Amino acid sequence: MTRWLPLFSLLTTLAGCPQGAAPAKPAADENTAPSAPPPRIGAVMLETAHRFELAGRAQRAGRWELATYEVGEIAELFDVDMARALLPGACNDDVSEAMFARLLDDELPALKQAAEARDAALFDQRFRLASVSCNTCHAACAVGFIEVPDTPGQSIPRLGPGSAANPATSTPSESADAATD
Ligand code: HEC
């Protein structure tokens, strides 16, 4: 079972967010025409992961413009495609919607600002915060084994041993009936 990520309902919950809610893209855009099939979550996630890894590696290499660009691309990807993607039926709606909104409206813009400011300590801190949201959504969607490292410069997803310190990857999802999806 799959369903829409209900962007429009979650936008109404963001009044308290310091950055405010980004307006939804008009449906007239050729990429978001109502008749277009929804993006596949797996494809959106592969691109997200690749760009998040590149952002971290670029930051580590002192390539700040590249890091800024990659984070901006993820924000655009979330705004345009992730908002329309079908989530697996296993997902806990409340948690996955909250993590999506947090990344889109708060953590990705904040990470981009840290890259623009070329502030390595701030970038590290905000990269870690964003990775927690990634991992929390994965746990809520019964894919907590897909672990996003909390430190820039590592491959995504993590292929080494799982992180015992990461509650999102050490705690299985509560969705007991969803493993068949
Ligand atoms: C709204 C929930 C949600 C958020 C937020 C989220 N993910 Fe995911 N992610 C998923 C789901 C669900 C899957 C499994 C997709 C599938 O079943 O094809 C996934 C899969 C992945 C995969 C595996 C891709 C593959 O097929 O090999 C990676 C890597 C990944 N996500 C990285 C990230 C990163 C990095 C972030 C944060 C910047 C993130 N995700 C944020 C829900 C989310």
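**Fold, ligand shell and Ser 131**

The protein chain of this predicted model holds six helices and two strands.

Trainee: In what pattern do the helices and strands follow one another along the sequence of the protein chain?

Mentor: The elements to be placed in order are six helices and two strands. Read from the start of the sequence to its end, they give the pattern β-α-α-α-β-α-α-α.

Trainee: Which element gives the largest share of the shell around the ligand?

Mentor: The ligand is surrounded by 24 residues, and among the closest are Gly 42, Met 45 and Cys 134. Two or more residues each come from helix H2 (41–60), strand E2 (86–88), helix H4 (93–116) and H5. The largest share, at seven residues, is that of H2.

Trainee: How many residues of the shell around the ligand are nonpolar, as against polar or charged?

Mentor: Sorted by class, the shell around the ligand contains no charged residues and five polar ones, while the nonpolar residues number 19.
The count asked for is therefore 19, with Gly placed among the polar residues in this sorting.

Trainee: Is Ser 131 buried or exposed?

Mentor: Ser 131 lies in helix H5, which spans residues 120–140. A residue needs 20 or more other C-beta atoms within 10 Å to be classed as buried. Because Ser 131 has 24 C-beta neighbours inside that radius, its class is buried.

Trainee: Which residues is Ser 131 in contact with, once its neighbours within four places in sequence are left aside?

Mentor: Val 148 stands 17 residues from Ser 131 along the chain, yet their C-alpha atoms are separated by 5.8 Å. With the sequence neighbours set aside, the contacts of Ser 131 are Val 148, Pro 149 and Asp 150.

Terms used:
Residues numbered from 1 in each chain as written. Predicted model: local features only at pLDDT ≥ 70, side-chain atom pairs only at ≥ 80, totals over all residues. Helix = DSSP H or I, 4+ residues; strand = E, 2+ residues; numbered from the N terminus. Buried ≥ 20, exposed ≤ 12 C-beta atoms within 10 Å, placed from the backbone. Contact = placed C-beta atoms within 7 Å. Near = placed C-beta within 6 Å.
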